[in-house]
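Please open the model in your viewer and keep the sequence panel beside it. The tour below moves from the whole chain to one helix, then to one residue, and ends among the strands.

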Amino acid sequence: MLERPEVLPSNFAEKSRCWEGNTMVGDFERLAQEFVDPEAILHYRVCGGQDARGRPRLHCTVKADVEMECQRCLKPVNVTVDSDRVLYLAASEAEADRLETVLADEDIEVLVTGQTLDLAGVVEDEVLLSLPIVPMHEDCTMMSVADV
Ligand SMILES: [Zn+2]
């Protein structure tokens, strides 16, 4: 099973720590049921850092080629997961609101962490957010012809 590191958010950001690797998507608890091929390899990378003013943030990258069930013909459809985002860290909802106000011009994303940060949870969220809401072939009939 995959280790699920819990880190102190401020420490992880200040020291520019990174958590990264390649593992099967199915090793992530919340991703195990999403894909036709849970053995597809997911590359994930979460790195701590700070902006010019010392505000803690994460740089998250997730990449994978997976198969989901087409919602029209129920056959597998290829989906590429490729997300690269920066998330500012806030210890509370109030702090998140403050950050969003201060950085309103920059169209930023804020992650409310609480005391500790579940890095695997961050990766799961990034993958889930990058998936199509309704996975579907562009043309299912083309797909069936190709299959024959
Ligand atoms: Zn289809």
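Of the contacts in the chain with a separation of 6 or more, what percentage is accounted for by residues 24 or more positions apart? The share is 60%, and it belongs to a model that is predicted.

Begin with the whole chain shown as a C-alpha trace, which spans about 60 × 35 × 20 Å along its principal axes. Switching to a cartoon brings up four helices and seven strands, and reading from the N terminus on, you will pass them in the order β-α-β-β-β-β-α-β-β-α-α. Of the 148 residues in the chain, 22% are buried.

Next, colour by pLDDT, which averages 92 over the chain, with 95% of the residues scoring at least 70. Confidence is highest in β3, at 98, and lowest in helix α4 (residues 140–147), where the mean is 67.

Now select residues 119–130, which form helix α3, a run of twelve residues that reaches 17 Å from its first C-alpha to its last, close to the 16 Å expected at 1.5 Å a residue. Show the side chains of Leu119, Ala120, Val123, Glu124, Glu126 and Val127, which are the buried residues of α3. If you look down the axis of α3, these buried residues fall within an arc of 165 degrees, so they line one face of the helix. To see what covers them, add the strands, including β1 (6–7), β2 (18–24), β3 (41–50), β4 (56–69), β5 (76–90) and β7 (117–118).

Stay in helix α3 and centre the view on Val123. Val123 counts as buried because 27 C-beta neighbours lie inside 10 Å of it, the cut-off for a buried residue being 20 or more. Leaving aside neighbours within four places in sequence, Val123 is in contact with Phe28, Tyr44, Val46 and Val62. Glu100, by comparison, is 23 residues from Val123 in sequence and 22 Å from it in space, C-alpha to C-alpha.

From Tyr44 and Val46, two of the contacts of Val123, turn to the strand pairing. β2 and β3 pair in the antiparallel sense over seven bridges, and selecting Glu20 will lead you to its bridge partner in β3, Arg45. On to β4, which is joined to β3 by nine bridges and runs antiparallel to it; here the residue to select is Gln50, whose bridge partner in β4 is Pro56. Finish at the hairpin of β3 and β4, where five residues lie between the strands and Gly54 takes a positive phi near 80 degrees.

How values were computed: Residues numbered from 1 in each chain as written. Helix = DSSP H or I, 4+ residues; strand = E, 2+ residues; numbered from the N terminus. Expected span 1.5 Å × (residues − 1). Buried ≥ 20, exposed ≤ 12 C-beta atoms within 10 Å, placed from the backbone. Arc of directions from axis to C-beta. Contact = placed C-beta atoms within 7 Å. Pairing = 2+ DSSP bridges. pLDDT = per-residue confidence, 0-100.
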